Amino acid sequence: MLKRFAEAALLLGLASTAHAAEVARVKLPNGALVSLKDDFTWEYVLMAEKDKGLAPAVLAKPELLGATAKDGVKVRLAHHRWDGERLGLTFGLENQNTENVVKVLAEVSFYGDDGKLLKQQELTLWQAEYRLPDSYLRQGQDRDSRELWVEGISPTQWQKGLLALKVKKLEFR
């Protein structure tokens, strides 16, 4: 009986940590809105409630976009360039976790200059080579990703370079 109770409690605990619930929203002095989560994390509220475009504070301060962190791994857009209609992206990654990072998968949301969502795409921002420790992102390292190419975005719609990052999966070794 005790074993079943412990298993149920463990499963319930794992389920509750899988999706952090919002406990409050706070407006910062710079006008940005943040969501406080029950797992002691927070994130910017990027979307306006009415039209599902970017929130006005985010449009006024685009530096709120393009960077995120999860489990000690920070990710930011380092730079971008156009090759015709193809968009080349390079990301800066920093590992403050005690384990070596071998893979970073992120969801990237591209927003037009008007704040409307243009495209969402999952990108592998970091992929180490199996059995090549020099390719691991080690604790304390700050390295750039390889250049990743994205198609389907018009350069005329994406002049401000608005994108939001969400780390979906991290793999450690």
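**Strands, cores and a buried asparagine**

Visitor: Which residue stands opposite Lys103 in S8?

Guide: In this predicted model, Lys103 faces Gln127 of S8.

Visitor: What makes S7 and S8 a pair?

Guide: Pairing needs at least two bridges between the strands. S7 and S8 have nine, in the antiparallel sense, so they count as paired.

Visitor: How do you know which strands of the S8-S7-S11 sheet are edge strands?

Guide: This open sheet has three strands in the order S8-S7-S11, with antiparallel pairing. S8 and S11 each pair on one side only, and that makes them the edge strands. From one strand to the next, the twist averages 15°.

Visitor: Why is Asn97 called buried?

Guide: Buried means under 20% relative accessible area. Asn97 has 15%, so the word applies. Asn97 is found in the loop between S6 and S7.

Visitor: What makes the approach of the Asn97 side chain to Asp71 a polar contact?

Guide: The cut-off is 3.5 Å for a pair of N or O atoms, one able to donate a hydrogen and the other to accept it. A polar atom of the Asn97 side chain lies 2.8 Å from the backbone oxygen of Asp71, which is within that limit. A polar atom of the same residue's side chain is also 2.9 Å from the backbone nitrogen of Glu99.

Visitor: Which residues does Asn97 touch, leaving out those up to four places away in sequence?

Guide: They are Asp71, Gly72, Gln139 and Phe172.

Visitor: What makes a set of residues a nonpolar core, and where is the largest one here?

Guide: The members must be buried residues of the nonpolar kinds, joined through side-chain atoms within 4.5 Å. The largest such set has 27 residues, and Val75, Leu89, Phe91, Val104, Phe110 and Leu125 have the most contacts inside it. Strands S5, S6, S7, S8, S10 and S11 each give two or more residues, with S7 providing the largest share, six residues. Another core, of ten residues, lies apart from it and includes Leu46, Val58, Leu64 and Ala164.

Visitor: Which residues does Val75 touch, not counting those up to four places away in sequence?

Guide: Among them are Phe91, Val104, Leu125, Leu165 and Val167.

Visitor: How do you know that S1 and S2 are paired?

Guide: Five bridges join S1 (residues 22–27) to S2 (residues 33–37), and at least two are required, so they pair. One of the partnerships is Ala24 with Leu36. The two strands form a hairpin with five residues between them, and Gly31 in the turn has a positive phi of about 95°.

Definitions and conventions:
Residues numbered from 1 in each chain as written. Predicted model: local features only at pLDDT ≥ 70, side-chain atom pairs only at ≥ 80, totals over all residues. Heavy atoms only, no water. Helix = DSSP H or I, 4+ residues; strand = E, 2+ residues; numbered from the N terminus. Buried < 20%, exposed > 50% of the residue type's maximum accessible area, 1.4 Å probe, protein only. Contact = heavy atoms within 4.5 Å. Axes fitted to C-alpha atoms, helices over the stretch in contact; angles between N-to-C directions.
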